[in-house]
Amino acid sequence: MEILEELNSQQQQAVLAGYGPVLVLAGPGSGKTRVLTHRIAYLITHRGVHPYNILAVTFTNKAAREMEDRVIRLIGEDIRGMTLGTFHATCARILRGESNNLPFESNYVIYDADDQISIVKQALKEVQIDDKKYRPSGVHASISRAKNELILPDDFPVNTYHDEVVKRVYHHYQNLLLSNNALDFDDLLLWTAFLLEEYPEVREKYSRRYEHVLVDEFQDTNLAQYLLLNHLSSFHNNIFVVGDTDQSIYRWRGADYRNLLRFEKDYPDLQTILLEQNYRSTQEILDVAMRVIDRHPLRTPKHLFTSRPGGSKPVLHEVYDDKEESRFVVDTAADLVARDKASPGDFAVMYRTNAQSRILEEAFLQASLPYRLVGAQRFYGRREVKDIIAYLRLVQNPDDEISLARIINIPRRGIGDKTLFALYTLSQQTNRTSGDILLELGGNRESPLNRAFNNQALANLNHLGSLLNKWKNLKEHQTPFELMDTIIKDVNYQEYIDDGSDEGHDRWENVQELRRLAYEYMDSGLEIFLERVALVSDQDTLETTTSVPTLLTLHAAKGLEFPIVIIVGLNEGTLPHSRSFDDEEEMLEERRLFYVGITRAKDRLYLISPQNKTAFGYPEPVQPSRFLDDIPTDLLEETRSLHAYPGLRSSGQYRRTFWGAAETREIPYEKKYVPGQHVQHPEWGEGMVLNSRIEGSDEVVDIFFEAVGLKRVVASLAKLVIVK
DNA sequence: ATAAAGTGACTTTTT
DNA sequence: GTCACTTTAT
């Protein structure tokens with residue numbers, strides 16, 4: 001069978017597994033996506049399963065898209081009808097079609113993280129709780145956790161006063177969402193689970209359809225997702241899940257790797273298949289990874305082995321601080337590229353928190369080297385993008401108060417606090433939403449509602465209201481793209497945002513980008529466009545082929561691989577993050593996160609440990625990450641930058657030291673190389689020093705080699721030997 | 001009603 | 001150092 005040709009025996013076993021539940025435990029780089037895609041291809045071509053009867057769920061759109069591409073490439077035919085998407089997108093689609101059994105309309109909008117926080121703030125105000133004392137983000141996290149566990153406001157357990165507050169806020173939060181005809185991310189899962197639980201006929205409809213359910217990254221499912229899968233596969237009972245407890249890094253988002261254990265218990269006739277051969281990393285890298293994860297209790301032991309022997313030892317490099325760290329990153333990349341050992345696109349720099357990216361960016365900028373940043377200032381988080389989307393959302397669903405509040409005075413149209421207050425008061429009195437009132441004001445000049453406003457305010461509201469009416473009518477005839485253009489023109493958005501400054505120009509460019517995106521939704525309607533926009537993450541926009549180094553968080557790195565991986569900030573407080581210190585489970589998750597980072601590397605791995613970090617803008621001494629203690633010294637090549645304190649890690653074991661403020665002095669540095677000197681380079685042989693200068697904490701030397709000509713090298717990296 | 005200036009709080013990861 | 005939010009001045 002052609003489909004099986006490029007698979008090892010374990011992979012084949014998984015692909016060919018018969019009916020019933022199947023669990024594939026797949027180590028990093030063991031080809032789990034390959035197994036999933038081949039399985040789908042096999043079901044369609046050899047078992048005669050119609051694509052319409054297959055459901056495949058992933059966590060990111062990118063994973064879904066990749067899976068789709070690979071299946072199409074494999075079987076070279078149409079897979080139309082197959083449900084392949086993220087949990088959230090799949091649920092959104094189901095909910096759209098089943099709103100008759102649900103307390104919201106099918107034109108609901110999906111609130112993003114910022115909108116959700118706004119709603120929490122509003123709810124806090126309603127129950128008269130000071131949002132200084134109860135941080136909206138914290139309260140939201142509690143609500144989100146409850147939703148992931150399918151706990152509704154009435155069932156929210158109360159043990160402390162804090163719980164009591166959360167419970168009340170949760171109640172109002174949920175009501176506010178419904179009165180806005182809006183759902184948050186968690187609702188998509190929650191309401192779908194509820195729907196399938198409460199309505200047997202709906203459950204049967206979907207579970208009959210999905211003869212085969214396949215799930216990627218199963219260790220990241222939360223309880224809501226677990227039950228969802230349970231219901232969706234309840235009729236045929238063909239559920240095929242792939243996962244790896246060692247790569248579970250989303251506990252904070254409700255993910256529970258114990259779902260794997262639960263799965264084993266709930267499905268006694270389960271077939272379990274282990275994928276242990278790694279096709280990605282060299283043995284040297286895998287050895288380090290195993291040392292880190294072996295310390296992890298509660299895991300299914302896997303014996304990873306690789307078909308790729310003979311690489312170089314991973315490097316552990318100690319630096320004085322994060323500034324020096326980023327310089328080392330840039331120097332290493334530049335040096336390897338200069339020596340033709342790598343191309344710029346081979347590098348990935350991974351860090352624990354997004355905040356760490358800024359200093360790295362600065363270093364790349366300073367060296368005038370291009371880079372690609374994943375996440376951080378998100379496209380969809382940009383003010384101008386959110387503005388345009390808010391307009392569109394309001395057209396889609398006029399009850400969306402959050403979007404209305406956002407754009408009611410953007411661009412400025414003289415609707416200030418006073419007018420807003422009058423509008424909200426009227427909204428309360430008439431029990432109608434603000435958008436509804438606005439529509440009436442715009443549509444009926446003689447409306448009795450006019451009396452609530454003074455002349456000036458009324459004129460402003462009338463204007464916006466009639467525009468909204470116009471757009472609402474256009475929605476039926478125009479594509480999202482055309483509608484967007486109409487709105488932009490009607491409100492003079494370009495004039496407002498592109499104010500002649502560089503920043504304004506960039507912002508207008510972003511609007512253009514959004515227009516281009518809308519252009520792709522020519523025949524799918526506003527609803528679908530808004531849904532996609534709400535459910536894309538920034539990783540999804542990450543193109544797989546680039547020719548520049550990638551900067552990304554360890555979380556964002558999951559599922560990716562790079563020839564050369566540099567993990568920065570390996571110190572206590574950063575990795576592991578200080579928030580995990582007092583929670584054993586969270587500490588284990590930090591360890592897995594480190595493991596995920598290491599196992600992204602194919603050929604080379606650099607671990608960087610700074611001795612000081614910048615917190616709140618001021619430097620502060622830190623200890624090396626405890627995870628480094630678990631890696632025997634002989635598995636690493638240990639180096640240190642010139643400014644770093646020596647002797648942190650001596651023969652065999654780590655010696656933990658604590659260095660105080662008194663020692664944070666500048667270490668004097670003198671040039672080691674002088675013009676005219678002869679040096680030996682491991683690659684390029686003998687050469688003569690032409691020039692040398694101190695740059696940052698390093699010495700940059702220009703050398704003329706007899707064999708290769710003029711080269712510029714960084715002294716600490718180039719392993720030069722002075723020839724007497 | 002708006003712009004400028006000041007304050008404080010926070011930094012984990014995201015569909 | 002940065003963001004969001006508040007106060008103050010125009």
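Helices here are DSSP runs of H or I with at least four residues, strands are runs of E with at least two, and both are numbered from the N terminus.

## Ground rules

This is a predicted model, so local features need pLDDT of at least 70 and side-chain atom pairs count only at pLDDT 80 or more, while totals for chains, interfaces and linings use all residues. Residues are numbered from 1 along each chain as its sequence is written, chains are lettered from A and ligands numbered from 1 in the order in which they are written, and side-chain values use heavy atoms, with hydrogens and water left out.

## Thr486 in helix 20

Let's start with Thr486, which sits in helix 20 (residues 480–490). Is Thr486 buried or exposed? Thr486 has 15% relative accessibility and counts as buried (under 20% relative accessible area; exposed is over 50%, partly exposed in between, with a 1.4 Å probe and protein chains only).

Leaving out residues up to four places away in sequence, Thr486 touches Lys470, Trp471, Leu474 and Gln478 (contact is heavy atoms within 4.5 Å). The C-alpha atoms of Thr486 and Leu474 are 9.2 Å apart, with the two positions 12 residues apart in chain numbering. The side chain of Thr486 also makes a polar contact with the Gln478 side chain at 3.0 Å (a pair of N or O atoms within 3.5 Å; within protein, one must be able to donate a hydrogen and the other to accept it, and residues adjacent in sequence count only if both atoms are side-chain atoms). That same Thr486 side chain reaches the backbone oxygen of Glu482 at 2.8 Å.

## Helices 5 and 6, and the DNA

Helix 5 (residues 113–126) and helix 6 (residues 136–148) have axes that come within 9 Å and cross at roughly 100° (axes are lines fitted to C-alpha atoms, for helices over the stretch in contact, and angles run from 0 to 180 degrees between N-to-C directions). On the helix 5 side, the contact uses Gln116, Ile117, Val120, Lys121 and Leu124, and helix 6 brings Pro136, Ser137, Val139 and His140.

Lys121 turns up again at the DNA: Lys121, Arg358 and Phe616 are the residues around DNA strand C (a heavy atom within 4 Å). A side-chain N or O atom of Lys121 is 2.3 Å from a phosphate oxygen of that strand.

## Backbone oddities

Most residues other than glycine have a negative phi, and most peptide bonds are trans. Gln128, in the loop between helix 5 and helix 6, has a positive phi near 55°, and Gln128 is exposed at 73% relative accessible area.

The Ile410 to Pro411 peptide bond is cis, with omega near -5°.
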